[in-house]
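User: Please take a close look at the core of this protein and what surrounds it. I am new to this, so explain each term as you go.

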Amino acid sequence: MQMLEAELLDKVTTGAPLKTPSATILLGNAGYYGTLAAARSLGRAGVKVVTVDPSMICHSRYSRYTSQHLTCPAFEDSSAWVEWLLRKARIGPRRSIYATSDAVSFALARYRDELSADFDLYQPSLDTVMSILDKGLLMQHAQAVGIEMPPTWFPQNSADAAKIARNAGGTVLIKPRSQLAQRTQAKAYVVQSRGDRVQTIFDSYMKDQSTNSELAKQYPATMTPLIQQYYPQAVENVYSLSGFREKTGGRVIMRAARKILQQPRRIGVGLCFEPAVVDPILADGAKRLCERIGYFGIFELEFIFAEGKAMLIDFNGRIYHQIAFDIARGMELPALAYAAATGNQAEVTQLMARGNSEKHDDIAGFCNRFGLAATVMMQRILGTISRKDAARWLDWMKESHGAMIDAVKDPHDALPAFVDVAQYLLHALRHPRDFIRQYAPVEHNLTCAS
């Protein structure tokens with residue numbers, strides 16, 4: 001089984017070399033799994049990849065497909081980061097760059113005109129990007145094209161938040177209106193609507209605001225957190241539509257997946273994904289939404305199903321976490337973004353046609369094998385998962401019918417996996433309380449992994 005899987009992975013992840021890889025590409029957030037997948041995909045296609053990150057220790061830096069790593073200012077400090085980019089652009093040949101996180105997406109959009117003189121970009125406007133990053137604007141645009149979102153409220157202060165939560169009843173989600181609004185706080189909290197917990201969390205978000213950021217100065221409304229109805233169906237069943245949309249003509253390629261396990265369990269980063277059928281109604285809605293806000297490039301939309309309807313919970317307009325899964329299923333998304341940015345329309349057309357025709361139904365799923373095994377082990381130690389459920393997840397990982405795409409491990413690029421394990425263990429040693437908390441029982445596991 002392992003031999004057959006390795007041969008299949010060779011076939012689906014190698015990719016065809018790009019015909020004219022003209023520019024080096026810079027990829028930020030070198031500690032993200034999506035960045036690692038993009039570096040491998042582009043490196044195999046013959047593109048020179050340079051990773052940039054404030055940290056020196058990040059797994060993408062150690063990939064064999066990364067030719068250089070540059071230490072940069074924090075991505076959230078948009079002006080300083082762009083100034084650093086422009087200084088680098090004056091040294092050596094022309095480069096390309098693509099968004100790898102919300103912070104990078106905002107910076108590239110905010111300074112698109114300045115950067116386009118020295119960089120090859122495929123970057124939507126700031127208005128478009130803010131229609132994604134600001135959950136309030138996203139909700140307005142989604143509803144305008146017939147896409148539902150969970151009931152959402154925008155309180156003005158903590159007392160207002162507590163009142164809204166009490167009226168909503170049940171369990172609610174408290175999260176930033178934009179992830180860029182916070183400095184260190186968790187992405188979200190799941191809490192019971194009664195009691196003073198809602199006010200405490202709301203106030204903690206307000207104290208943690210990135211008040212000196214360009215986002216805060218230009219878009220002050222995004223600084224206040226929102227309240228959303230929480231649905232437990234999101235724990236093991238988030239539906240994802242991902243793909244690429246062309247700027248000219250609006251042609252789209254798309255795949256679907258289900259996030260069946262996340263860590264922390266109630267709301268967190270995806271550990272396990274399975275293929276799913278593209279829902280034509282949701283796909284059509286996604287196309288209309290992209291057209292309405294003027295979005296083009298790589299995208300991922302996440303939905304939950306509850307009360308007999310599909311509800312949008314997130315829109316990622318950038319390289320995303322499990323992009324390796326879609327690359328293996330025939331969508332060479334990083335190569336598409338690169339070809340579009342460098343003006344190679346013939347390559348874009350070819351890759352779009354290939355993405356529409358190649359499905360790779362023999363790909364069974366996506367996971368971080370080490371992360372899943374570690375999660376199961378820790379939850380067994382803490383007694384937060386049954387022996388039966390632990391066995392179910394380990395069997396899913398080991399005995400699945402078809403190839404399992406790993407977030408980090410690659411037989412031709414081994415070092416990033418060792419770095420990833422080392423970072424995991426280092427975090428456990430440095431922050432033991434936070435490390436244990438993420439595996440706590442569901443009723444206490446309130447924070448979403450950042």
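Analyst: Here is a walk from the core to the charged pairs and then to the surface.

This is a predicted model: local features need pLDDT of at least 70, side-chain atom pairs count only at pLDDT 80 or more, and totals for chains, interfaces and linings use all residues. Residues are numbered from 1 along each chain as its sequence is written, and side-chain values use heavy atoms, with hydrogens and water left out.

Start with the largest nonpolar core, which has 70 residues. A nonpolar core is a set of buried Ala, Val, Leu, Ile, Met, Phe, Trp, Tyr and Cys residues joined through side-chain atoms within 4.5 Å. Buried means under 20% relative accessible area, exposed means over 50%, and partly exposed lies in between (1.4 Å probe, protein chains only). The residues with the most contacts inside this core are Phe244, Leu289, Ile298, Phe303, Leu312, Phe315 and Leu333. Helix H13 (residues 333-341) gives the most to the core: eight residues. Helices (H or I, at least four residues) and strands (E, at least two) are DSSP runs, numbered from the N terminus.

H13 is mostly covered, with nine of its nine residues buried. Among them are Leu333, Leu336, Tyr338 and Ala340. After H13 comes glycine 343, with a positive phi near 75°.

Now zoom in on phenylalanine 244. Which residues does phenylalanine 244 contact, leaving aside its neighbours within four places in sequence? Contact means heavy atoms within 4.5 Å. The partners of phenylalanine 244 include Leu333, Leu336, Ala337 and Ala340. Others on its list include Tyr122, Ile253, Ile298 and Met352.

Next, look at serine 242, in strand S10 (residues 238-245). Serine 242 counts as buried because its relative accessibility is 2%. Its side chain makes a polar contact with the side chain of tyrosine 320, at 3.3 Å. A polar contact is a pair of N or O atoms within 3.5 Å; within protein, one must be able to donate a hydrogen and the other to accept it, and residues adjacent in sequence count only if both atoms are side-chain atoms. Not counting residues up to four places away in sequence, serine 242 also touches Asp326 and Met331, among others.

Asp326 leads to the charged pairs. Aspartate 326 forms a salt bridge with arginine 329, the closest N and O atoms being 2.6 Å apart. A salt bridge is a side-chain nitrogen of Lys or Arg within 4 Å of a carboxyl oxygen of Asp or Glu. Aspartate 326 is buried, with a relative accessible area of 2%. Arginine 329 counts as buried too, at 4% relative accessibility.

In total, the count comes to 16 salt bridges. One of them joins lysine 135 to aspartate 314, with the closest N and O atoms 3.7 Å apart. Lysine 135 lies in helix H7 (residues 135-144) and aspartate 314 in strand S14 (residues 309-316), so the pair ties together parts 179 residues apart in sequence. Both lysine 135 and aspartate 314 are buried.

H7 and S14 also meet helix H6 (residues 126-133). Seven of the eight residues of H6 are buried, so H6 is largely enclosed by the rest of the structure. Its buried residues pack against H7 and S14, as well as helix H4 (102-110), helix H10 (214-218) and helix H11 (280-293).

Proline 150 sits in the loop between H7 and strand S6 (152-153). Proline 150 is buried, with a relative accessible area of 1%. Proline 150 and lysine 309 are 159 residues apart in sequence, yet 9.9 Å apart in space, C-alpha to C-alpha. Leaving aside neighbours within four places in sequence, the contacts of proline 150 include Met139, Tyr231, Leu312 and Ile313.

Last, the surface. Met377, Ile381, Leu382 and Ile436 form a nonpolar patch there, with about 370 Å² of accessible area together. Patches are made of residues with over 30% relative accessible area and no salt bridge: like charges are joined within 9 Å, nonpolar side chains (Val, Leu, Ile, Met, Phe, Trp, Tyr) within 5 Å. Accessible areas come from the Shrake-Rupley method with a 1.4 Å probe; for residues, only the protein chains shown count as cover. Helix H15 (residues 369-382) gives the largest share of the patch, three residues. Isoleucine 436 is in helix H18 (residues 432-437), and at 38% relative accessibility isoleucine 436 counts as partly exposed.
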